[in-house]
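Student: Before I rely on words such as "buried", "core" or "pocket", I would like to see how each of them is justified here. Could we go through them one at a time?

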Amino acid sequence: MNKSAGMLLGLLLIPSLSLASGYGVFTQGASGLGQANAVVAHPTGPSSLYFNPALLNDVPGRQVEVGTTAVYGKREIDLDSGGSEKADSDWQYPSSFYYTHNSGERIAAGIGVFFPFGLANEWDKDYEGRYIGTKGEMFSMNINPAVSFKINDQFSLAMGMDFVYVDADLRSMINQEKYGVYLNYPDGFGPLPDIEQKFTSDGWGTGYNLGVLYKASDRISIGAAYRSKIDIDLEGDIDYAGVDPLLVAYFWDGTAESEIELPAQFVIGVAVNTTDRLTVEIGARWEDWDANDKLAVDLQYPHPLTGKPYFSADRNWSSTWTYNIGANYRLNENVALNCGYLYGENPVPDSTFEPVIPDAVAHLFTVGTDLTYGPWVVSAAFGYEYHEKREKKNGDLVNDPVGSLVETWENGLVPTYVGTADGDYETDIYLVGLSVGYKF
C-alpha cells in the first residue's frame, strides 16, 4: 500500500483555523465573532445568512457585506524525548461575502460566499513527527443561496443550497533509510535522506441548509439552523521528491482518489432583549464528527509491497457540542459593543491523536464593536482561543510509512518506531475580524 494514502488520511483531519472542533471554520462575520457566534436568534446583518438564514426577514432592504478574519495560531510540543517543537506559524485570512434582499413582504433572499472548512498547519521538515505529517493546507469555498419565508409575525422558515469546493495540499516525510534496510538496499551507499511526499487534490460537493426563527415575545426569540453533511470527491496527484534511484520502483508519482464527508451541523440559540439596549444570547452547536470514523483512498496502482490498490484507516472521532454566550449592547444609534465566550469539546480520541491533529478542549473569549455611519456598518472584533494542554502518549505513528508495512510482512521483522512526537501539546489562536456592510 502506498503510504501517501496514510498521510492523506491523517492530514484531511487537521484541526480548524479557529472557533470549532475538527476542521470547521466559523469566522463568518466580525459582528458574530465579537459575540462568540451566539447570533442564531438575533440578526447581525447580511452575515445572518450563514448563522441562520431564517433571520433574513429581519435584515431590511438590500444589503451587502464583505469581511475577513486574520487568524494566527501558535502550536508547541514539549517532547517526552527532550526539547520542544514549534509549528511554523503564519497569518490566515478566511473571508466572506453576502448579499441580501428583503422586499418588506414575506420573502427575503440572499447569497453568501464563505469558507466553512479549512486548515493551516506546518512543521519543520526535520522535526520529530515528520513521518506523521509536516504540512496541511486546505481551502474550501461555499456558495450558498438561501430564501426565507415569513409565515406570520412569529415564525420564519428558510432553506438554502450549499455548493462546496475543496482544495488541499498535504505533505509528510518518508524514512527512506528504513525502506533501504527492509528492501536489502546495497551496502556502501551511506545514509539515505528522507523523501518528501505531497498530495494535492480538489473536488466539489453539494448539500442543503435549513433555518427557523420563532419570536416568543417582543423580548425573546428562538433560532435554529441545520447544515447537511456534504460528500466531497477528491481527485489529485501524489508526488515524491528525493527518492534514491535504486528505490524509485517503490515510490511512483501518480493519481489517487478519496472521499471526505464534511460533517452535518446543528445550531440553536435563545436571544433575550433584557433591556431596549442589551441583547443576550445563549446557544449550542452540534457537529457530527462521527462521520470521520473511517476514511479510504483509492490508488492509481497497487503498491508493489502489498498488492493493494486502496488504503483505509480508522479515525474514531466523536461528535461534539459547543456552547456559547454573547451580548450586544447598543450605546446609541451609531455604536454597539459586543462580547462573548465559547466552550468547544474535542472530537479526537487519545488513540488517534497526532501532531497534525492537535485538537483539544477550547475556550474562546471575544470582544467587538459595530459602528454605523449612515448606510455603512463597520464591525470589528478580537478573539483569543485557548486550547487546554493535551498529552500524546500513544507511543506509535498512526501514519508511519514503514512500520505499518512491516507489520503486514510475515518475515519476523519487528518495526522500530521513531519520531512518535509523544509529549505535551499546547495551542493558542488569535483572531482579528473586520466586516464592512452597506445598505442600499
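Tutor: Let us begin with the core: a nonpolar core is a set of buried Ala, Val, Leu, Ile, Met, Phe, Trp, Tyr and Cys residues joined through side-chain atoms within 4.5 Å. Please keep in mind throughout that this is a predicted model.

Student: What makes Ile77, Trp123 and Trp317 part of the largest nonpolar core?

Tutor: They belong to a set of 14 residues that forms the largest nonpolar core, and, together with Val348, Ile357 and Tyr425, they are the ones with the most contacts inside it. Membership requires burial and joining through side-chain atoms within 4.5 Å, so each member of such a core has to satisfy both conditions. Apart from this core lies another, of 12 residues, among them Ile195, Phe199, Ile238 and Ala256. As a general matter, nonpolar side chains tend to be buried together in soluble globular proteins.

Student: Which residues does Val348 touch, if those up to four places away in sequence are not counted?

Tutor: Val348 touches Trp317, Phe353, Ile357, Asp359 and Arg390 on that count.

Student: Why is His387 called buried?

Tutor: The relative accessible area of His387 is 6%, and the word buried applies under 20%, so His387 is rightly called buried. This residue is found in strand E20, which covers residues 376–392, and, again not counting residues up to four places away, it touches Pro358, Asp359, Ala360, Val361, Ala362, Thr427 and Ile429.

Student: How do you know that the side chains of His387 and Glu385 make a polar contact?

Tutor: The two side chains are joined at 2.7 Å, and the cut-off for a pair of N or O atoms is 3.5 Å, with one atom able to donate a hydrogen and the other to accept it; the pair therefore qualifies as a polar contact.

Student: What is the phi of Ala36, and is this residue buried or exposed?

Tutor: Ala36 has a positive phi of about 55° although it is not a glycine, and it lies in the loop between helix H2 (30–34) and helix H3 (48–51). With a relative accessible area of 0%, set against the limit of 20%, Ala36 is therefore buried. Asn37, in the loop between H2 and H3, also has a positive phi, near 65°, and counts as buried because its relative accessibility is 6%.

Student: Why does Gly211 count as buried, and which residues is it in contact with?

Tutor: Gly211, found in strand E9 (residues 195–215), has a relative accessible area of 8%, which is under 20% and so meets the condition for buried. Leaving aside neighbours within four places in sequence, Gly211 is in contact with Asn52, Pro53, Ala54, Ser156, Leu157, Ala158, Ala224 and Ala225. The C-alpha atoms of Gly211 and Val40 are separated by 9.3 Å, although these residues are 171 residues apart along the chain.

Student: What lines the largest pocket, and which element gives the most to the lining?

Tutor: The largest pocket holds about 720 Å³ of space; of the 33 residues that line it, Pro43, Thr44, Gly45, Asn328 and Asp370 are the closest to its centre. E21 gives the most to the lining, with 5 residues, and by class the lining has 9 nonpolar, 16 polar and 8 charged residues.

How values were computed:
Residues are numbered from 1 along each chain as its sequence is written. This is a predicted model: local features need pLDDT of at least 70, side-chain atom pairs count only at pLDDT 80 or more; totals for chains, interfaces and linings use all residues. Side-chain values use heavy atoms; hydrogens and water are left out. Helices (H or I, at least four residues) and strands (E, at least two) are DSSP runs, numbered from the N terminus. Buried means under 20% relative accessible area, exposed over 50%, partly exposed in between (1.4 Å probe, protein chains only). Contact means heavy atoms within 4.5 Å. On a 1 Å grid over the protein atoms alone, a cavity is a set of points where a 1.4 Å probe fits but cannot get out, and a pocket is an open set with protein on both sides within 12 Å along at least five of seven lines; lining residues have an atom within 4 Å of a point. Grid points are joined across faces, edges and corners, and a volume is the space filled by probe spheres set on the points. Ala, Val, Leu, Ile, Met, Phe, Trp, Tyr, Cys and Pro count as nonpolar, Asp, Glu, Lys and Arg as charged, and the others, Gly among them, as polar.
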